[in-house]
Amino acid sequence: METLELVKIICAELEEKKGEDILLLDVQNISSFADYFIIVSADSERGATALARNISRSIKKNYKYSVKADGLKEGQWVIIDFKEILIHFFHKDTRKYYDIESLWTEAKNISLVS
């Protein structure tokens, strides 16, 4: 399965699980450590952690990838790293505060609308 196809499937799962403000960025030409960033928000720390845990389990079970996660205890900003993909799960206020999208303005924003 191609990486772009996989990230779009993951974004659809995030939407299904009530992830908010999902953003998919293609950073292949500007990052040495990832090809895609997925950024998603939740209303609470518990929501961000639940989204991260659900997606992590799905990736392990359905795609057989090893997943590394950081920030699960706090839930403000959880990062999942696998393959060439980084998924950032934010509490909505934390996302606003760090505004990581502004750091990657050169990245290509991939539309999730089919």
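Does Trp104 count as buried or exposed, and at what relative accessibility? Trp104 counts as buried, at 19% relative accessibility. The cut-off for buried is under 20% relative accessible area. Please keep in mind that this is a predicted model. My points follow.

1. **The sheet.** Start with the strands. Six of them form an open sheet with mixed pairing. Read across the sheet, the order is β3-β4-β5-β2-β1-β6. The edges are β3 (68–70) and β6 (108–109). Each edge strand has a single partner, so one side of each is left without a neighbour in the sheet.

2. **The edge at β3.** Strand β3 pairs with β4, residues 77–82, in the antiparallel sense. Three bridges join the two. Look for Lys68, which stands opposite Asp81 in β4. Ala69 has Ile80 of β4 as its bridge partner. Six residues lie between the strands of this hairpin, and Gly71 takes a positive phi near 95° there.

3. **From β4 to β5.** These two strands also run antiparallel, and six bridges join them. One example is Val78, whose bridge partner in β5 is Phe89. The hairpin of β4 and β5 has two residues between the strands. In this hairpin, Lys83 takes a positive phi near 50°.

4. **Two faces of β4.** Now follow the side chains along β4. They alternate. Val78, Ile80 and Phe82 point to one face and are buried. Trp77, Ile79 and Asp81 point to the other face and are not buried. Try colouring the two sets separately on your screen.

5. **Helices on the sheet.** Helix α1, residues 3–16, packs on the sheet. It touches β1 (20–26), β2 (36–42), β4 and β5 (85–91). The direction of α1 makes about 0° with that of β2. Helix α2, residues 45–63, lies across β2, β4 and β5. The angle of α2 to β5 is about 155°.

6. **The largest core.** Which residues touch the most other members of the largest nonpolar core? They are Ile10, Leu14, Ile38, Phe82, Ile87 and Phe89, in a core of 25 residues. At least two core residues come from each of α1, β1, β2, α2, β4 and β5. Helix α2 gives the largest share, six residues. In soluble globular proteins, nonpolar side chains tend to be buried together.

7. **Ile10 and a second core.** Take Ile10 as an example. Its neighbours within four places in sequence are left aside here. Ile10 is then in contact with Ile38, Ile55, Ile59, Phe82 and Ile87. Apart from the largest core lies another, of eleven residues. Its members include Ala34, Leu86, Phe90 and Ala107.

8. **Ile9.** The residue Ile9 is in helix α1. Ile9 is partly exposed, with a relative accessible area of 28%. From Ile9 to Asp93 is 84 residues in sequence. In space they are 26 Å apart, C-alpha to C-alpha.

9. **Phe33 and Trp104.** Back to the residue of the opening question. The structure holds seven aromatic pairs. One of them is Phe33 with Trp104, an edge-to-face pair. The ring centres are 6.2 Å apart, with 75° between the planes. Phe33 lies in the loop between β1 and β2. Trp104 lies in the loop between α3 (92–98) and β6. The pair therefore ties together parts that are 71 residues apart in sequence.

10. **Trp77 and Phe90.** The ring centres of Trp77 and Phe90 are 4.7 Å apart. Their planes stand at 35°, so the pair is tilted. Trp77 is in strand β4 and Phe90 is in strand β5, 13 residues apart. Trp77 counts as partly exposed, at 27% relative accessibility. Phe90 counts as buried, at 1%. Together with Tyr97 and Tyr98, Trp77 and Phe90 form one aromatic cluster.

11. **Thr94.** Finish in helix α3, where Thr94 is found. Thr94 counts as buried, at 8% relative accessibility. Leaving aside neighbours within four places in sequence, Thr94 is in contact with Gln76 and Trp77.

Technical notes:
Residues numbered from 1 in each chain as written. Predicted model: local features only at pLDDT ≥ 70, side-chain atom pairs only at ≥ 80, totals over all residues. Heavy atoms only, no water. Pairing = 2+ DSSP bridges. Helix = DSSP H or I, 4+ residues; strand = E, 2+ residues; numbered from the N terminus. Contact = heavy atoms within 4.5 Å. Axes fitted to C-alpha atoms, helices over the stretch in contact; angles between N-to-C directions. Buried < 20%, exposed > 50% of the residue type's maximum accessible area, 1.4 Å probe, protein only. Core = buried A, V, L, I, M, F, W, Y, C linked by side-chain atoms within 4.5 Å. Phe/Tyr/Trp six-rings, centres within 6.5 Å; stacked < 30°, edge-to-face > 60°.
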